[in-house]
Amino acid sequence: DPDVIVGISFVEDATAFLRLVAASPTLQGKPIILADGAKDVELAAAVENPDLIRNVVGTNPASPDNPNSTTFTINYRGKWNEEPTSFTQHSYDAAYVLAYALSTLGDSEATGTNVAAGLRRLSSGDIVNVGPASFAMAASRLASSPDTTIDFNGASGPLNFNPDTGESLGDIEGWRFSDDVMEIESLGVVFESGTDTFNAPDLTRMNVVTDAGVMDSGPMDAGTSTVGDAG
């Protein structure tokens, strides 16, 4: 009898998982949190349970509101005639990050340690935006001196690696399925990594079962693991 159900999987496993939840009198009224791998309208259609889908929210890397992201999305649509998925921009950036790191090696072997050292040279200095137009010159500069650094900005946002953890900060967006389960709606940025701020999404539409019966959930309280008055 959990307060919240969390599923971290892709669509196929999430479909089977949610069907099991729907078949359980104990679980079917609980709030459900999914991750980016299940962010697909095919999931809602496959589960065929609107009441259950109404209790689903999910997380996803937030799409940055900057020119690099906008340009990438426009070019991607033009090339493939579809929208980028959850990690399309991140994969694109990863290819450039690796290429820039390799350009710092010179005659050194491409070991994990040496590549990691190259990554540390991509978070300060002159701004270099992702894409082929700036790659040759920026890579040449990195290769010219071990002291040269660049501030690489990707399609997924600024890639400022934390020197202590090695991680690149990123905001988290919330999402849910629309009432007709034909679209995915954004709940906005629910976690701002730069300030460690949690922005409680409006979960009014949820029908959550508690000991007192069925209730409509309100906004989630920051810092809690339950929804509305459920805990």
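The lining of the largest cavity in this predicted model divides into three nonpolar residues, one polar residue and three charged residues. Which residues form the lining of the largest cavity? They are P50, I53, R54, S178, D179, V181 and R205. P50, I53 and V181 are the nonpolar members, S178 is the polar one, and R54, D179 and R205 carry the charged label.

As for the space itself, the volume of the largest cavity is about 50 Å³. How many cavities of 30 Å³ or more are counted? The count comes to one. In general, rolling a probe the size of a water molecule over the atoms shows where empty space is left.

I now turn to a sheet. Three strands make up an open sheet, arranged in the order β4-β5-β6, and the pairing is mixed. Why is one side of β4 and of β6 left without a neighbour in the sheet? Both strands, β4 at 126-129 and β6 at 157-158, stand at the edges and have a single partner strand each, so one side of each lacks a neighbour there. Between β4 and β5, the latter spanning residues 150-154, the pairing is parallel and runs over four bridges. Within this arrangement, N129 is found opposite N153 of β5.

Two helices should be mentioned alongside these strands. Helix α5, residues 88-103, packs on the sheet and touches β4, β5 and β6; the direction of α5 makes about 160 degrees with that of β5. Helix α7, residues 132-144, also packs on the sheet, where it touches β4 and β5. The direction of α7 makes about 140 degrees with that of β4.

Terms used:
Residues numbered from 1 in each chain as written. Predicted model: local features only at pLDDT ≥ 70, side-chain atom pairs only at ≥ 80, totals over all residues. Heavy atoms only, no water. 1 Å grid on protein atoms, 1.4 Å probe; cavity = no way out; pocket = protein on both sides within 12 Å on 5 of 7 lines; lining within 4 Å. Points joined across faces, edges and corners; volume = space filled by probe spheres on them. Pairing = 2+ DSSP bridges. Contact = heavy atoms within 4.5 Å. Axes fitted to C-alpha atoms, helices over the stretch in contact; angles between N-to-C directions.
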